[in-house]
Structures are given as C-alpha cells and as structure tokens.
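Colleague: Hey, got a minute to walk me through this one? Here's what I'm looking at.
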Protein chains: 2
Amino acid sequence: MQLTPQQLKDFDELGYLFMPECFNAEEVALLKQEASNVLAQQRPEIWREKNGAPRTAFAAHTYNDACNILASHPRLVKPLQQLFGEDVYVHQFKINAKAAFTGEVWQWHQDFPTWHADDGMPDARAMNIAVFLDEVMPINGPLMLVPRSHKAGALKSEHDLETTSYPLWTLDQPTVTEMVEKNGIVTPTGRAGGVLMFHANLVHGSAGNITPYPRRIVYLTLNSVSNAIAKPTRPEFIAHRDFTPVKPVADDALQRYIGKKAA
Amino acid sequence: MQLTPQQLKDFDELGYLFMPECFNAEEVALLKQEASNVLAQQRPEIWREKNGAPRTAFAAHTYNDACNILASHPRLVKPLQQLFGEDVYVHQFKINAKAAFTGEVWQWHQDFPTWHADDGMPDARAMNIAVFLDEVMPINGPLMLVPRSHKAGALKSEHDLETTSYPLWTLDQPTVTEMVEKNGIVTPTGRAGGVLMFHANLVHGSAGNITPYPRRIVYLTLNSVSNAIAKPTRPEFIAHRDFTPVKPVADDALQRYIGKKAA
C-alpha cells in the first residue's frame with residue numbers, strides 16, 4: 001500500500017491520515033478475538049487502570065501470533081517506509097483497552113517528548129499507527145487530535161506520574177489552549193478496521209470512557225532505523241532494543257493465518 | 001411557551017425534549033457572565049472537584065438576580081406546568097461547571113432515585129431542565145441520554161460516594177448495558193442557549209472533559225407541588241423546603257434585566 005500524493009500532502013499539512021476500513025471484517029474479527037485473549041492474561045507487560053481493568057498490553061506481538069503478523073503488516077509498514085524514506089523497526093506495540101465504563105483519560109501530549117526523554121530517541125522520525133479494534137464513536141473516548149499542531153515541533157512537556165498508571169510527558173493547559181484555539185480538535189471515528197497514523201509531534205489526548213462500548217485500539221510505533229533509541233530507561237517491552245528492520249509480510253497474511261487456524 | 005402535541009408525544013416516547021437556541025445571544029451572554037461571577041465565589045453552596053475547580057454551584061437563584069429570573073422563566077416553567085398539569089416549585093437550582101481540562105464524570109444514573117432516597121420525594125413528578133451556557137459538543141463531556149429508558153421506571157441504584165465529590169445514587173454496569181443495548185445513547189449537542197428537559201427516570205451520565213472548552217449548564221429542577229419532598233436529608237440549598245408555586249415571569253424578563261443593568 002502506497003500513500004497517494006494527496007494523502008502525503010494531507011499528512012504534511014494536518015499531521016494525520018485516517019484510512020477507514022483498512023482491515024476487513026474477517027481480519028477485524030481475528031484481531032478482536034486475539035486482543036481479548038491477550039488482555040485476559042496476567043503478565044508484567046499488561047498494565048492496569050487504578051481499578052484493575054486492563055489498560056495497556058505491551059509487546060503483544062512477541063507473545064501473540066496475530067499481533068506478530070499485524071506488527072509487520074504492509075498496510076501499516078509501507079506507508080511509514082514511504083514517509084521516512086528508509087526502513088523502520090518496531091519501537092513499541094501495544095493494545096490500549098479503554099475499557100467500557102472504566103477506560104481512563106490520556107492527557108494531552110505529543111508522543112515524541114516521551115520517546116525522547118524516556119528512550120533517548122534522537123528525532124521525531126517515528127510514528128504511531130492506530131488500528132481500531134472496536135467502533136470508535138464520539139462517545140467512547142475517541143482519540144482527539146489537534147490538526148497542524150505537529151508544525152510547532154516538540155513542545156515543553158512535563159512528566160505526569162499522577163493522572164493514570166502510565167507515566168507520560170504531557171502538555172500544560174495554556175499550551176493546549178493555544179494550539180486548540182488556532183487549530184481546533186478533530187476526532188476521527190468509524191468502524192473497527194480503520195487506521196489512523198499521526199505525526200510524533202501531533203498534540204492528542206482522549207477522555208475517559210463511561211459507555212458500555214469498549215474502545216480497543218492497537219498502537220504500532222515504528223521508528224526509522226537511522227533514528228534508533230540511544231538511552232532507554234523503560235523496560236524492553238515498552239521500548240524495544242531490537243532495531244532489525246521490519247520486513248512487511250504479504251498483504252493477505254492475516255487471512256492466511258485465519259485459514260491456517262481453521263484448518 | 002406551550003409544548004406542541006408532537007413535542008408531548010416525543011417526550012412521552014423518548015423521555016427527553018431538546019429545544020435548540022431557546023435563549024437568544026443577549027440572554028446567553030448575561031447568563032454566562034453571571035455564572036462566571038457565581039462560580040468565582042467561595043461559599044458553602046459551591047462544591048468543588050477533587051482538584052479544587054468549581055464543580056457545582058447550588059441555589060444560585062437565591063444569591064444571584066439573573067439566576068433568580070431564570071428559575072422562574074416561562075420557557076422553563078410553563079412546559080413543566082403543562083406536562084404535570086399543576087403548579088411546580090423549585091426543588092433544586094444548580095450550575096454545573098464541567099470545567100475545561102478537569103471537568104469530571106457524572107456516573108450513569110436516574111435523577112429520581114436520588115430525590116427519593118435522599119429527599120423523600122414521593123413520585124417521579126419532578127424534572128431536570130438543562131440550559132446550555134456554553135456550546136455542548138461531542139468532545140466536551142456532553143450529557144449522554146438513553147432514550148426510552150424512563151419507561152423502565154426507577155431502577156435499582158446504589159449510593160456512589162467515591163467517584164466524585166457529589167454523592168449520587170447510580171446504576172450498575174449490567175443495568176446500563178441492558179438499557180443501552182436496547183435503546184442506544186444520544187448526546188444532544190448545540191450552541192449555548194439550548195434547553196434540554198428529561199424525565200426523572202431517564203438514564204443519563206456524562207464523561208469527563210479534557211478539552212479547553214468549558215461546558216457549563218444550569219439545571220433547574222422543578223417539582224409538582226403535590227409531590228413535595230417529605231424527608232429531606234440534604235442541606236436546604238440542595239433540596240429546597242419552600243414549596244411555594246413558581247409564578248412565571250414575563251418572557252422578556254432577562255432582556256429587561258439587561259436593560260436595567262445597562263441603565
């Protein structure tokens with residue numbers, strides 16, 4: 001999958017690209033089932049909300065076959081190879097649960113300041129790609145993006161150790177207000193299978209989820225091989241040290257995996 | 001203002017009525033300013049979020065002139081007199097701040113169980129009328145309603161003393177899930193000046209607000225005079241003991257107040 005000139009232009013200008021229904025119903029059904037299997041496990045890679053509900057399953061591609069395929073999926077990997085003009089490796093792979101009723105907030109932040117401060121990532125040549133495993137609606141804690149905010153570069157961030165169980169470098173209210181006054185907020189929503197890529201310096205956050213609708217999303221973080229992290233401080237399952245370039249699998253790899261499982 | 005036959009039918013069926021732009025820009029500007037004045041005060045009627053931001057200003061109609069007019073405004077009072085077929089009195093008047101960035105959740109609940117358990121209100125012949133003081137958007141913690149849920153009557157509720165600073169009788173997750181599976185969720189949104197009335201047994205809640213957009217709403221609770229509370233346990237400013245029927249003011253009373261202030 002290659003991005004079109006229009007998509008490249010949009011990404012440059014807005015800092016994000018949303019591709020609805022990038023994965024089909026069968027692929028989505030598999031990924032949903034596998035995500036449920038993963039989130040039901042008890043292991044150190046799976047972090048929990050203050051109330052005990054699973055919040056984030058890290059490194060699921062290292063202990064789940066379908067996630068492993070997804071981490072090398074050409075619909076995710078090739079656009080980033082194209083954007084960065086070089087090979088990429090998996091910096092992080094996580095399933096964010098945003099559970100029904102109890103899914104907690106992600107405060108406003110850019111991704112790069114955390115990767116820079118905590119992992120020693122030199123430049124903003126990495127990116128998060130979100131794969132929707134459930135329908136993302138306006139009411140179940142959708143990702144909120146501030147379009148064009150990536151143009152501001154890395155903004156002053158502070159280490160938030162209080163809001164949730166996940167330490168994050170977050171932006172202060174005046175900074176967010178200024179960005180939002182200039183650019184507004186968008187919330188790409190849509191059915192499971194949609195894919196959202198956004199620039200490492202794009203300002204984003206998400207509110208809590210009190211609805212009965214879970215909002216599970218896989219985040220694959222791919223980093224340019226020339227931009228490998230230099231001073232990791234977080235566990236290996238949060239910031240991988242294996243910089244081997246991803247080789248994209250076949251476009252039908254998930255379908256084939258389904259066939260193999262059924263056989 | 002009288003409700004039309006269609007509005008009466010919709011209310012009966014869905015359990016709520018939304019009237020966009022019920023108050024004009026001038027009236028809204030006044031109410032916004034007065035709400036800011038109220039919320040800036042330090043007094044026992046003003047409750048705060050865990051972080052100190054104002055959450056709810058109770059009984060503002062007893063210490064703010066514009067709020068006093070609003071509590072007797074015919075656009076709010078007359079529809080309820082019509083629906084209940086009798087006079088009504090002010091059971092509660094509050095400004096809910098849902099502050100920018102820090103506005104907290106209101107868990108799923110019906111209003112009547114709290115009025116019944118805490119105030120000894122005999123029947124569900126009271127109602128909340130919401131007046132939007134800011135634009136209510138999908139992203140700034142809009143009220144979420146479960147249409148038709150009022151038909152289920154008062155559901156089993158439990159006293160939630162933990163989630164926020166405001167004790168509330170709330171519904172458990174299986175009950176909400178069942179209601180939502182049947183009826184879905186709606187979030188009436190729109191510009192300041194909109195008015196939303198909803199049945200005392202309508203299931204509703206609202207998520208936190210992390211956006212820079214505050215979402216202040218006035219809630220006027222009017223109760224039928226024949227349904228006066230019998231066993232109040234909450235302070236007078238939360239559950240009023242003065243059952244004098246409201247006499248609706250003139251429709252242009254807020255406008256006249258603006259003129260008087262300017263003079």
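Modeller: Sure. One term before we start: copies of a chain are superposed by least squares on the C-alpha atoms of residues with pLDDT of at least 70 in both. And keep in mind that this is a predicted model.
Colleague: OK, what turn and shift lay chain A on chain B?
Modeller: A turn of 180° with a shift of 0.0 Å along the axis, and the RMSD is 0.0 Å. That's how a two-fold axis relates things.
Colleague: And how much of chain A's contact surface recurs in chain B?
Modeller: 100% of the contact residues of chain A turn up again in chain B, so to speak the same surface serves both copies.
Colleague: Switching topic: which residues touch the most other members of the largest nonpolar core?
Modeller: That core has 52 residues, and the ones touching the most other members are B:Phe23, B:Phe93, B:Ile95, B:Val195, B:Met197 and B:Leu222. Helix α2 of chain B, residues 25-39, gives the most to this core, with 6 residues.
Colleague: What is B:Val195 in contact with?
Modeller: Skipping neighbours within four places in sequence, its contacts include B:Phe18, B:Phe23, B:Leu76 and B:Ile129. There's also a second, separate core of 45 residues, with A:Cys67, A:Leu70, A:Leu133 and A:Leu222 among them.
Colleague: What about sheets: what's the strand order in the open one in chain A?
Modeller: The order is β5-β11-β7, with antiparallel pairing. The edge strands, β5 (106-109) and β7 (144-145) of chain A, each pair on one side only.
Colleague: How many bridges join β7(A) to β11?
Modeller: 2 bridges, with β11 of chain A covering residues 204-206. A:Met144, for instance, has A:Gly205 in β11(A) as its bridge partner.

Key. Residues are numbered from 1 along each chain as its sequence is written. Chains are lettered from A and ligands numbered from 1 in the order in which they are written. This is a predicted model: local features need pLDDT of at least 70, side-chain atom pairs count only at pLDDT 80 or more; totals for chains, interfaces and linings use all residues. Side-chain values use heavy atoms; hydrogens and water are left out. A nonpolar core is a set of buried Ala, Val, Leu, Ile, Met, Phe, Trp, Tyr and Cys residues joined through side-chain atoms within 4.5 Å. Buried means under 20% relative accessible area, exposed over 50%, partly exposed in between (1.4 Å probe, protein chains only). Helices (H or I, at least four residues) and strands (E, at least two) are DSSP runs, numbered from the N terminus. Contact means heavy atoms within 4.5 Å. Two strands pair if DSSP finds at least two bridges between them.
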